[in-house]
Amino acid sequence: MKEIICPYCCKRFMPSAVDFRMDRPEEDGAVSQREAPQEGSSGFVNRKNTSTRGGKGAGLVRDEKLYQYYKNYLMYSDAEASSNANQFPFVELDMMSPDICYNVEDYNRFGYVTKIQYRGHTLNKRLCPYCHNTVVPNAGKYDMLMISVIGDTNVGKSIYLTVLEQVLKEDKFRGNLNFMGTEEEREIYLSNVTKLLNKRETLSATQRTKIPPMPFLYTYVTPDSSEKQYKLIIFCDIAGEDCRQERTMKQNGYHLAASDGFLILIDVTRFPGVTHTIDQGSSISNMYQREIFTAINRFMIADTYDNTTRIPAAVVLTKCDVLSQVGRIFGTVEYHNILNDMRGDEIHPGYANTKEFIHLNQVIPNMIADLGERELANNVEDNFATFNYFVASALGKSPEIVECVEDGRTILENRIKGQIMPYRIAEPFYWILAKTNCIPYYYWETLSNHRGETRRIEFYYYENEKASLKGRIDGARKCLGINLNGFMNRWKVTDHAEI
């Protein structure tokens with residue numbers, strides 16, 4: 001049994017604490033516990049019925065917890081909150097109630113249930129006990145991570161996540177990222193996958209509405225264990241326009257402060273050094289991308305002690321394939337090397353390559369400055385205590401505008417010619433996994449003495465072990481009979497991994 005985090009109100013709770021939503025009105029004559037308290041009464045909770053029996057919305061009641069969620073989190077008006085909170089009644093999970101039946105074997109094995117029988121109703125829609133939004137499928141079975149995806153409109157967030165799922169199926173972690181949403185959400189998601197990967201059509205910008213969280217089950221294997229690892233990863237997206245202002249970010253991005261990591265996508269085609277050089281430069285002002293960091297600062301950083309957040313932030317320059325056309329960038333050796341590294345995501349061969357992360361953080365800020373956006377790099381460094389820069393391209397090429405005939409009308413669509421060639425897409429994801437103790441780092445060092453003898457130390461370690469890493473290295477040396485601090489020391493470290 002694993003702790004659940006609600007991506008809507010960001011509260012944490014155990015899976016045994018959930019409520020259940022009914023899928024239709026309770027039969028006539030049935031009364032709730034609060035309406036008629038009796039010995040051994042049920043866990044059913046009702047609210048004042050807000051609709052006429054038999055009419056439109058018959059059987060709906062106002063769910064007060066859901067109402068408060070719409071009022072306090074999404075800042076809906078009273079009328080909007082009441083309308084959205086009108087739902088079928090819910091059932092409190094009272095395992096001692098004679099009205100509630102459940103699979104005892106499942107309960108004894110897992111410590112919780114995902115389905116109950118209540119007065120002839122089969123209920124499997126679990127609710128957060130605090131806000132009464134639906135619990136993410138499979139929550140409670142696996143450890144959860146919540147990653148906030150941040151970026152302005154048309155930066156390519158939907159495309160990035162769609163391609164990421166495909167890339168991870170062929171990585172060195174033997175990984176698999178499977179969408180775990182509801183049937184309705186899955187249908188929408190798969191239609192996007194088909195549109196992008198089969199029809200080669202780019203995905204349109206996300207509409208400016210509250211975007212539901214996207215749950216994925218990530219299955220992978222680390223080199224220090226032969227057993228499969230499981231993480232239920234929730235990607236929380238915000239419409240691009242809502243990232244620009246504190247008010248709209250507070251309304252739709254309240255999950256930010258509870259995130260385990262940030263995936264911040266930055267469109268390089270808006271940088272002055274790109275828009276003034278090539279035709280594929282974006283016409284959207286880069287000012288909007290800088291405003292995102294201002295909104296983040298005002299929303300969740302301004303009142304902190306050191307004016308930074310310690311949530312790990314992967315800052316990803318997207319659409320970097322266009323930089324091959326910017327001569328002074330692609331012609332600079334250090335930039336060319338990171339933009340044309342044919343190893344791609346294989347730079348991380350089953351573990352997080354610290355040396356590469358450090359190298360990217362040294363090179364990319366200079367590249368950003370050379371593209372005319374030093375201010376953006378300053379914003380990153382001012383707001384985040386833990387961050388890393390990355391370069392990526394989800395498509396590997398720029399889409400082309402083509403004419404299509406649909407229902408007798410000629411329309412213009414963005415389509416990708418030939419195969420999609422994603423580049424370094426998984427790397428930011430690996431970095432966040434490493435920072436959250438999901439995948440290991442690898443340390444090694446080579447030692448030699450005056451006799452020409454050599455020894456090698458190597459082991460895997462995790463982010464939460466970094467504080468004790470020096471002691472672990474000293475212990476490994478002592479096991480080989482090496483004490484670098486000894487009076488008669490004849491050993492020295494000739495090479496080692498970055499930490």
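This report walks through a predicted model of one protein chain, from its overall make-up to selected residues.

## The chain as a whole

The chain has 499 residues, and buried residues make up 49% of them. Its secondary structure comes to 14 helices and 23 strands.

How much of the contact list joins residues 24 or more positions apart? Among contacts with a separation of 6 or more, such pairs account for 70%.

## Aromatic pairs

A pair of aromatic rings is described by the distance of the centres and the angle of the planes. In this chain the count comes to 25 aromatic pairs. One of them joins Tyr8 and Tyr69. Their ring centres are 6.3 Å apart, and the planes stand at 85°. That angle is over 60 degrees, so the pair counts as edge-to-face. Tyr8 sits in the loop between strand S1 (4-5) and strand S2 (12-13). Tyr69 belongs to helix H1 (residues 64-72). The pair therefore ties together parts that are 61 residues apart in sequence. Both tyrosines, Tyr8 and Tyr69, are buried.

A further pair is made by Phe235 and Phe429. Here the centres are 6.4 Å apart and the planes differ by 35°, a tilted arrangement. Phe235 lies in strand S15 (residues 229-237), while Phe429 lies in helix H13 (residues 427-435). The two are 194 residues apart, and their pair links distant parts of the chain. Are these rings buried or exposed? Phe235 has 1% relative accessibility, so it counts as buried. Phe429 is buried too, with a relative accessible area of 3%. Both belong to one aromatic cluster, together with Phe179, Phe216, Tyr218 and Tyr220.

## Charges over rings

Two tyrosine rings have a charged side chain over the face. Arg62 lies over Tyr67, at 3.9 Å from the ring centre. Lys466 takes such a place over the face of Tyr441, at 4.6 Å from the ring centre.

## Helix H2 and its neighbours

Helix H2 spans residues 78-85. Which of its residues are buried? They are Ala81, Ser82 and Ala85. Seen down the helix axis, the buried residues of H2 fall within an arc of 100°, so they line one face. An α-helix has 3.6 residues a turn, so residues three or four places apart point the same way. The face of H2 turned away from the buried side carries Ala79 and Ser83, which are exposed. The buried residues pack against strand S5 (61-62), helix H1 and strand S6 (86-87).

Two packed helices are described by the angle between their axes and the distance between the axes. For H1 and H2, the axes come within 8 Å and cross at roughly 140°. The crossing is right-handed. From H1, the residues at this meeting are Leu66, Tyr67, Tyr70 and Lys71. From H2, they are Asp78, Ala81, Ser82, Asn84 and Ala85. Tyr67 is thus a part of this helix contact, and its ring is also the one under Arg62.

## Thr219 and Tyr230

Thr219 has its place in strand S14 (residues 214-220). Its relative accessibility is 13%, so Thr219 counts as buried. Setting aside residues up to four places away in sequence, Thr219 touches Arg174, Gly175, Asn176, Lys228, Gln229 and Tyr230. Arg174 is 45 residues from Thr219 along the chain, yet their C-alpha atoms are separated by 8.0 Å.

Tyr230 lies in strand S15. Is Tyr230 buried or partly exposed? With a relative accessible area of 36%, Tyr230 is partly exposed. Beyond its neighbours within four places in sequence, Tyr230 is in contact with Tyr142, Leu217, Tyr218, Thr219 and Tyr220. Tyr218 and Tyr220 also appear in the aromatic cluster. Between Tyr230 and Asn176 the C-alpha distance is 9.8 Å, and 54 residues separate them in sequence.

## Thr318

Thr318 lies in strand S17 (residues 313-318). At 6% relative accessibility, it counts as buried. What does Thr318 contact, leaving aside neighbours within four places in sequence? Its partners are Val155, Leu265, Ile266, Asp267, Val268 and Ala392.

Methods: Residues are numbered from 1 along each chain as its sequence is written. This is a predicted model: local features need pLDDT of at least 70, side-chain atom pairs count only at pLDDT 80 or more; totals for chains, interfaces and linings use all residues. Side-chain values use heavy atoms; hydrogens and water are left out. Rings of Phe, Tyr and Trp (its six-membered ring) pair if their centres lie within 6.5 Å; planes under 30 degrees apart count as stacked, over 60 as edge-to-face and the rest as tilted. Helices (H or I, at least four residues) and strands (E, at least two) are DSSP runs, numbered from the N terminus. Buried means under 20% relative accessible area, exposed over 50%, partly exposed in between (1.4 Å probe, protein chains only). A charge sits over a ring if NZ of Lys or CZ of Arg is within 6 Å of the ring centre and within 35 degrees of the ring normal. The arc is that of the directions from the helix axis to the C-beta atoms. Contact means heavy atoms within 4.5 Å. Axes are lines fitted to C-alpha atoms, for helices over the stretch in contact, and angles run from 0 to 180 degrees between N-to-C directions. A crossing is left-handed if the near helix is turned anticlockwise from the far one by less than a right angle, and right-handed if clockwise.
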